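Colleague: I'm new to this one. Can you walk me through it?

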Amino acid sequence: MSYSFKEIEEKWQKIWHDKKIFSVQPDQERKKYYLLEMFQYPSGKIHMGHVRNYTIGDVAARFKLMQGFQVMHPMGFDAFGQPAENAAIKNNTKPDIWTHKCIDWMKAELKRMGFSYDWGREVSTCDSDYYKWNQWIFLKMYERGLAYKKGSDVNWCSSCETTLANEEVIEGGCWRCKTKVEQKDLEQWYLKITDYKERLLEDLNQLGDWPERVISMQNNWIGKSSGVEIYFKLKDLATVIPVFTTRADTIFGATYIVLAPEHPQVLDLIKGRLQEKEALKFIEKVSKETKVVRTSSDVKKEGVFTGSYAVNPVNNETIPIWIADYVLMEYGTGAIMAVPTHDQRDFLFAKEHELPMRIVIQTIDHRPTTIEAMIEAFEDDGIQVNSAQFDGFTNQEAKIKIAEWMEQTKIGKIQTHWRLRDWLISRQRYWGTPIPIIYCSKCGIVPVPYAQLPVELPKDAPITGEGGSPLGKVKEFVEVKCPKCIGSARRETDTMATFFDSSWYFLRFCSPKLDNAPFNVLDAKYWMPVDQYIGGIEHAILHLLYSRFFTKFFQDLGMIDFKEPFKRLLTQGMVLKDGEVMSKSRGNIVDPDSIIKNYGADTLRLFILFAAPPETELEWDDRGIEGANKFLNRVWRVQENLLPKADDVLLRTMHRVIKKVSVDYAEFKFNTAIASLMELTNAIYQSGADKEVFANLVLMISPIAPHFAEELWQILGNKESICKAKWPEFDPKMLVEDVITIVVQVNGKLRTKLDVPADIAQDKLKELVLSEERLKPWIEGKSIRNFVIVPKKLVNIVV
């Protein structure tokens, strides 16, 4: 009987669907396991990155199911966003039609891979029964002062009359029309995530099963910094410039100040100065640059002198005030003290503009250093010099002492600053959740009443990609009655950023059809938090941070009783070909469809797991696909020659492999688990297997190659799906070897090996070794000075 993968895979996919094998409900009698891969944007085709991510999750889900857990393994679609709007324009269709068509294509492909999803829990964020609850959440946040509107700079394309995300700005121009992108001030909606900064930082300590790299990235993004706000008085004006620094130890080396071009004091500083015209020109230039470009490490930093001076409060030295593109208002006070000898960015800027420098920290060994000899800033720890009464202290000691001294003398104040900023959620686009706000000339900003949710997207909005928000052009959508005074009013035409949709979808999966709340509190109490979350490292900051923020907000609403949404996190590596990430632009794509057509989904699943550990990059190799296919066919043929009874050696190998594979599956070490399954298969071909051994091999391979295993399980006479079978258990007694091999050395050199009972006593072992004929030439007639026994391994006779 041959392994006909196409017929077998289609057969079992239909059985799983018809019998709803993976449909699940809360069961208080069973321990739950919620496994979730990050849901996908419906582009229409799955790629190898999807295959790898979802196969990793599927193996874990199937393994837990066979261990007796109540497993929830849902899937949905992160369906809003600019790409669908762009695709609709390109294909002359509507975003909803295009998106749902793509969802249908992707669902079909995911089912062909044999993934164990409970499709009854499917959600699509573009459906109004989902985004209604986005709006509900927004209104709850608005009621608590967490949603607010303010003016801010955005990337703006004057040709398309629309905002652009940072990633849509290509070499300073609009990705669509190449027009130079400008910064424009717009009134937009924000969420006050900064109210949760302490909790977001503190609760990182609870994420012990997250990769350390991800925790570090979150920590850095939240960016809690302890330092000093130092007050630099202006030389000619009776005002000060506050500057925040974490390096108070370098204050005596501050030789100039740099302000962000947007700093509120800049215009006063340049007014009437010789440099005013040049400074205004520079400010105008920088206003058209994106923050990404301004802070890029590989772009030369530019700046101009304001014509004004400040006084360094620690030494009363007059220092120049500059403005530069690399300083932003988003962090600290929008002003920095420049210490070019001890900060590389300041060093390069000072060299470029011939600004003064002063060394205030020397190496620990007091090795003399001169400014002329410096080719880069000295940023390591050292000893204070040129720092008045703080000379001789280590810079770490001085950092504390100088901060305390500045606070005592009122020239500075010890403070804590945060990098985290409130979350901008406004988008001037069509394909997103409408923000549920109404503007009334009498009543001001009025939230849409809960009874009027959802505020649905109009079907006939003109989608052109130009001329501002499409929603603003639909009269029937914009013009409404004020809920308070019933007078004429207008709707908000911004939509929400898609990160809003993905910040709570894991909770919606608990109650996907519920129509009177975002989720059922009791269902969430049973299923949450997610036991295992799987996704790409590219989501290590924003998506995970926003999900943690929403979880804490729901906790504050009293809807959940846990602090963190994901217990354990795995970030899978990228799939490469010829050393580069697979992409259409590089022409190195391998289409999963072609592999499934020629080898079957199970072969693809096996290869993708065997080629590399989940967390590392995977290099595509066509030979690996061939090897995976050969292995499955080799296992398939075992059924043709089953023995009545397997020998004891094979049974011991089987129990050892069961133990090893069970541990490896639990720890996501799928490549080593597969190696063990190959070892057992080789042992079977050497001695022959009985039904018990073969059945256990099939059970262990089933999470990886489920269609293949289902068919063999049925051939072995089983009526129920292998998914319902119990995971095999090893017998500890069978792991104990009856006979072990002992290496025998004389004066450290191998002379022979002896097979002895595993539980042999040491005196018996010594007696046996000394009577061994093969050792007589090396020990006969000689004095034995020592007899060393390393239990269960070796004996060394010293003569």
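**Strands, salt bridges and surface**

Modeller: Start with one pair: leucine 576 has glutamate 619 in S28 as its bridge partner. Before going on, note that this is a predicted model, where local features need pLDDT of at least 70, side-chain atom pairs count only at pLDDT 80 or more, and totals for chains, interfaces and linings use all residues. Residues are numbered from 1 along each chain as its sequence is written, and side-chain values use heavy atoms, with hydrogens and water left out.

Colleague: Which strand pairs with S28, and in what sense?

Modeller: Strand S26, residues 575-577, pairs with S28 in the parallel sense over two bridges. Two strands count as paired if DSSP finds at least two bridges between them. Strands themselves are DSSP runs (E, at least two residues), helices are runs of H or I with at least four, and both are numbered from the N terminus.

Colleague: What sheet do S27, S26 and S28 form?

Modeller: An open one of three strands, in the order S27-S26-S28, with mixed pairing. Strand S27 (580-581) and strand S28 (618-619) are the edge strands, each pairing on one side only.

Colleague: What holds strands together in general?

Modeller: Backbone hydrogen bonds, in either parallel or antiparallel pairing.

Colleague: And which way do S19 and S20 run?

Modeller: Antiparallel, with four bridges between S19 (residues 437-440) and S20 (residues 444-447). Three residues make the hairpin connection from S19 to S20. Opposite tyrosine 439 is isoleucine 445 in S20.

Colleague: Stepping back, how many helices and strands are in the chain?

Modeller: The chain has 26 helices and 32 strands. Its C-alpha atoms fill a box of roughly 105 × 80 × 50 Å along the principal axes. Of its 799 residues, 54% count as buried. Buried means under 20% relative accessible area, exposed means over 50%, and partly exposed is in between (1.4 Å probe, protein chains only).

Colleague: New topic. How many salt bridges are there?

Modeller: The count comes to 35. The rule is a side-chain nitrogen of Lys or Arg within 4 Å of a carboxyl oxygen of Asp or Glu.

Colleague: What does lysine 45 form a salt bridge with?

Modeller: Glutamate 109, with the closest N and O atoms 3.7 Å apart. The pair links distant parts of the chain, 64 residues apart: lysine 45 is in the loop between strand S1 (32-37) and helix H2 (48-66), and glutamate 109 is in helix H4 (residues 95-112). Lysine 45 is partly exposed, because its relative accessibility is 42%. Glutamate 109 is at 7%, so it counts as buried. Both belong to a salt-bridge network with Arg112, Asp591 and Asp593.

Colleague: How about aspartate 531?

Modeller: Aspartate 531 bridges to lysine 567, the closest N and O atoms being 3.5 Å apart. The aspartate sits in the loop between helix H16 (521-527) and strand S24 (532-536), the lysine in the loop between helix H17 (542-556) and strand S25 (569-572), so the pair ties together parts 36 residues apart in sequence. Aspartate 531 is buried, because its relative accessible area is 11%. Lysine 567, at 44%, is partly exposed.

Colleague: Is glutamate 773 buried or exposed?

Modeller: Exposed, because its relative accessible area is 53%. Its side chain meets that of lysine 776 in a salt bridge (2.8 Å, N to O). Lysine 776 is partly exposed at 30%.

Colleague: Last one. Where is aspartate 380?

Modeller: In the loop between strand S14 (361-362) and strand S15 (383-384). Aspartate 380 counts as exposed, because its relative accessibility is 52%.
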